[in-house]
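User: I have a structure open on my screen and would like some help reading it. Could we go through it in questions and answers?

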Amino acid sequence: TIDRLADLEKVQVLGHGNGGTVYKVCNKRTSAVYALKVIKSDCDNIVRRQIFREMEILRRTDSPYVVKCHGIFEKPSGDIAIALEYMDAGTLDTVLNINGTFSEMLISNIARQVLNGLNYLHSHKIVHRDIKPSNLLVNQKMEVKIADFGVSKIMCRTLDPCDSYVGTCAYMSPERFDPDTYGANYNGYAGDIWSLGLTLLELFMGHFPFSPPGQKVDWATLMCAICFGDTPSLPENASPEFTDFINCCLQKDSIKRWTVLQLLSHPFVSGDPKS
Ligand code: ADP
Ligand code: MG
């Protein structure tokens, strides 16, 4: 455990997010290494709200598939620092940029771990709402953990419609834009599955599935493509199991989309091929 924030020595910057900076830090007493997310007290209200959400969720979660929190500190200045388990290979986004693409075997391994993480979250009534390569952390052992709970939601009986536009819109599911068409009993959980499907497709193809390699498309084009266009699918060279798995994740109608539990027993991740 970390007794005092002063015990942590900054080693390097790991990344910048919307709200703050993440540092690699070392505990002077124990030599343990952590990632320290620091949010300045003068951040705007949106960032502040996000960080309190994240803190609340990190306090509640304890799973090998969710990044662990080792302490939350509030400095006298008002800055907030969150000590997280350090993931030494960074995010799936950085690994993708180095590797180019991932093999199906690796993707199956990643998919299984993210599904286990989502199963944990969903069974604790937490919807992540921002699953994408840059929010999935990896280490050298190829362990994958879900991170960044800034826009997550703890579900209660009522749904706040004002809340539906949070997250990165590129990975948002059709029912998030148009619940009347794509989700008769929209509950939010299915949105994480859509984002997972897009993420895995991106890892295989090497670029975001809704836009050509190296190109960025604008918000409106993207939203139209998600809601009215054909669902992206795998190229011909992918295996039937992988292709089917992606189709189960990327059902536009959220009712038809598979749940975490259904997907966990899919042959692509379960390791027992069924005929
Ligand atoms: P934001 O909400 O600002 O996007 P993130 O939690 O996604 O913040 O962190 C921003 C970046 O910091 C990540 O993309 C990643 O590069 C790095 N990072 C965050 N947490 C860790 C960690 N536990 N281990 C290693 N790197 C991390
Ligand atoms: Mg992030």
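Analyst: Happy to help; what follows is a set of questions and answers on this predicted model.

User: Let's begin with the strands. How many bridges join S1 to S2?

Analyst: Strand S1 covers residues 8-16 and strand S2 covers residues 20-27. The two run antiparallel, and a hairpin of three residues connects them. Within this pair, Gly-15 faces Val-22 of S2. The number of bridges joining S1 to S2 is seven.

User: Which residue in the turn between S2 and S3 has a positive phi?

Analyst: S2 also pairs with strand S3, residues 33-39, in an antiparallel arrangement with seven bridges. In that pairing, Tyr-23 is opposite Leu-36 of S3. Five residues lie between S2 and S3 in their hairpin, and the one in the turn with a positive phi, about 65°, is Ser-31.

User: Now the ligand. Which elements give two or more residues to the shell around ligand 1?

Analyst: There are 21 residues around ligand 1, and those that come nearest are Gly-15, Gly-17, Val-22, Ala-35 and Asp-148. The elements giving two or more residues to this shell are S1, S3 and strand S5 (80-85).

User: How many residues of that shell are charged?

Analyst: By residue type, the shell around ligand 1 contains nine nonpolar and nine polar residues. The charged ones number three.

User: Which helix gives the most to the largest nonpolar core?

Analyst: As background, nonpolar side chains in soluble globular proteins tend to be buried together. Here the largest nonpolar core has 61 residues, with Tyr-34, Ala-111, Val-114 and Ile-246 making the most contacts inside it. The helix that gives the most, with nine residues from the stretch 189-205, is H6.

User: Tyr-34 caught my eye. Which tyrosine does Tyr-34 touch?

Analyst: Leaving aside residues up to four places away in sequence, Tyr-34 touches Leu-8, Val-25, His-70, Ala-83 and Leu-84, among others. The list of its contacts also includes a tyrosine, Tyr-86.

User: Is Tyr-86 buried or exposed?

Analyst: Tyr-86 sits in the loop between S5 and helix H2 (92-99). Beyond four places in sequence, Tyr-86 touches Lys-24, Val-33, Tyr-34 and Ala-35. A residue needs 20 or more C-beta neighbours within 10 Å to count as buried. Tyr-86 has 21 inside 10 Å, so this residue is buried.

User: What distance separates the C-alpha atoms of Tyr-86 and Pro-174?

Analyst: Along the chain, Tyr-86 and Pro-174 are 88 residues apart. In space, their C-alpha atoms are separated by 34 Å.

Technical notes
Residues numbered from 1 in each chain as written. Chains lettered and ligands numbered in written order. Predicted model: local features only at pLDDT ≥ 70, side-chain atom pairs only at ≥ 80, totals over all residues. Pairing = 2+ DSSP bridges. Helix = DSSP H or I, 4+ residues; strand = E, 2+ residues; numbered from the N terminus. Near = placed C-beta within 6 Å. Nonpolar A, V, L, I, M, F, W, Y, C, P; charged D, E, K, R; others polar. Core = buried A, V, L, I, M, F, W, Y, C linked by C-beta atoms within 7 Å. Buried ≥ 20, exposed ≤ 12 C-beta atoms within 10 Å, placed from the backbone. Contact = placed C-beta atoms within 7 Å.
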